[in-house]
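This report describes one sheet and a set of charged side-chain pairs. Please look over the sequence and the structure before reading on.

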Amino acid sequence: MSTPTGRRLQTLAILQSNPGISAGRLAERLSVTERTARRDVEHLRDLGYRIDAEAGRFGGYTLSSGTASPPLVLDADESLAVALGLQSSVGVGGLAPAAVTALAKLTETMPARLRGRFEAVAAAETADGDEARSADAGVLVALALACRVGEGVRFRHRRRSDEPGRARDVQPAQLVRSGGRWYLVGNERGTDRWHAYALDRISDVRPLGTKFRAPPPPHDAAAFVADGLAHGWRHSIRVRVYLSGDEVRKMVRPSVGSITDEGDDCVLSLGADDLDWAARWLVYLNVDFDVLEPAELVDRLHALGTWVAARYR
């Protein structure tokens with residue numbers, strides 16, 4: 001690296017991998033004078049790196065931890081390892097948004113040949129996973145970058161897996177992970193509502209280089225997604241459960257249904273496109289409940305009980 005900036009980055013890499021290196025040895029590795037090597041060390045200190053120096057025949061420079069986190073210099077293998085680690089961390093509660101943003105920053109600056117290696121290894125690592133509806137890594141990173149800079153995007157979004165989807169221009173607000181899936185909270189251009197788009201139904205993401213006019217975004221993006229998952233369905237279901245709300249919350253995730261405390265009991269509200277599925281799910285909870293709405297759900301429960309009794313008598 002012939003430029004001063006490039007040489008200082010190389011200096012940092014040498015210090016990271018060779019603690020205690022002497023000024024003379026550092027100068028040899030950089031092919032510069034000892035004075036230049038010392039000056040580069042001082043420049044790195046000015047940037048916030050804590051570089052301790054020990055005098056004497058056996059002394060040298062050691063890169064130590066400081067009070068801040070200055071930029072790191074990673075080689076190709078280290079960059080690949082960090083990217084893969086970040087990808088596996090996106091499901092860790094509390095760390096997910098930071099992991100996605102860091103992954104986006106890293107892949108954005110990654111050389112093309114290294115990005116190809118990352119994508120190939122990432123695909124191999126996730127091919128046998130049990131996440132049947134996982135988001136494409138490219139879609140996840142592209143949307144994370146768009147959210148970070150507030151840039152509108154165009155993508156194809158399908159409502160069902162057998163549909164090709166249609167193009168939508170969307171102003172993104174935030175990525176949210178809920179129930180093992182990623183969602184984008186975004187406003188489609190020309191509308192006054194925010195929506196939660198499942199990333200596993202998004203493809204062909206293209207940044208548009210502009211920001212659309214949009215209404216104020218939801219104050220709590222995670223709560224917005226959870227509410228949509230619980231109630232954005234064809235059938236609205238309410239049942240009275242004869243258990244405390246705290247007990248039912250241990251069994252029902254916020255993304256599945258909401259719970260209203262009513263004394264010693266509670267009301268569970270959720271949504272479903274299929275009432276037969278709702279009947280089976282409620283029976284699976286193994287709790288005492290009464291259906292408040294819709295009345296058709298009672299018929300489906302009767303039918304389920306009749307089938308089970310006839311099948312196993």
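The text below takes the sheet and its helices, then the salt bridges.

The model is predicted, and residues are numbered from 1 along the chain.

**The sheet**

Four strands form an open sheet in the order S9-S10-S8-S11, with antiparallel pairing. Its edges are strand S9 (257–262) and strand S11 (289–293), each of which pairs on one side only. From one strand to the next, the twist averages 25°. Within the sheet, strand S8 (residues 235–241) pairs with strand S10 (residues 265–272) in the antiparallel sense, over 7 bridges. In this pairing, valine 239 of the one strand stands opposite leucine 268 in S10.

Two helices belong to this picture. Helix H10 (residues 275–285) lies across S8, S10 and S11 and runs at about 145° to S10. Helix H11 (residues 295–311) also packs on the sheet, where it touches S8 and S11. The direction of H11 makes about 140° with that of S11.

**Salt bridges**

The model has 16 salt bridges. Three of them are set out here, with the N to O distance for each pair.

| Acidic residue | Basic residue | N to O distance |
|---|---|---|
| aspartate 52 | arginine 50 | 3.3 Å |
| aspartate 169 | arginine 189 | 2.6 Å |
| glutamate 293 | arginine 238 | 3.8 Å |

Aspartate 169 and arginine 189 meet in a salt bridge. Aspartate 169 lies in strand S4 (residues 166–178), and arginine 189 lies in the loop between strand S5 (181–188) and strand S6 (194–198), so the pair ties together parts that are 20 residues apart in sequence. Is each partner buried or partly exposed? Aspartate 169 has a relative accessible area of 14% and is buried, because the cut-off for that class is under 20%. Arginine 189, at 44%, is partly exposed.

The salt bridge between glutamate 293 and arginine 238 brings the account back to the sheet. Glutamate 293 is in strand S11 and arginine 238 in strand S8, and the pair links parts of the chain that are 55 residues apart. Glutamate 293 counts as partly exposed at 33% relative accessibility, and arginine 238 counts as partly exposed at 32%.

Aspartate 52 forms a salt bridge with arginine 50. Aspartate 52 is partly exposed, with a relative accessible area of 30%, and arginine 50 is partly exposed at 44%.

Salt bridges also link Arg7, Arg8 and Asp40 in a network.

Methods
Predicted model: local features only at pLDDT ≥ 70, side-chain atom pairs only at ≥ 80, totals over all residues. Heavy atoms only, no water. Pairing = 2+ DSSP bridges. Axes fitted to C-alpha atoms, helices over the stretch in contact; angles between N-to-C directions. Contact = heavy atoms within 4.5 Å. Salt bridge = Lys/Arg side-chain N within 4 Å of Asp/Glu carboxyl O. Buried < 20%, exposed > 50% of the residue type's maximum accessible area, 1.4 Å probe, protein only.
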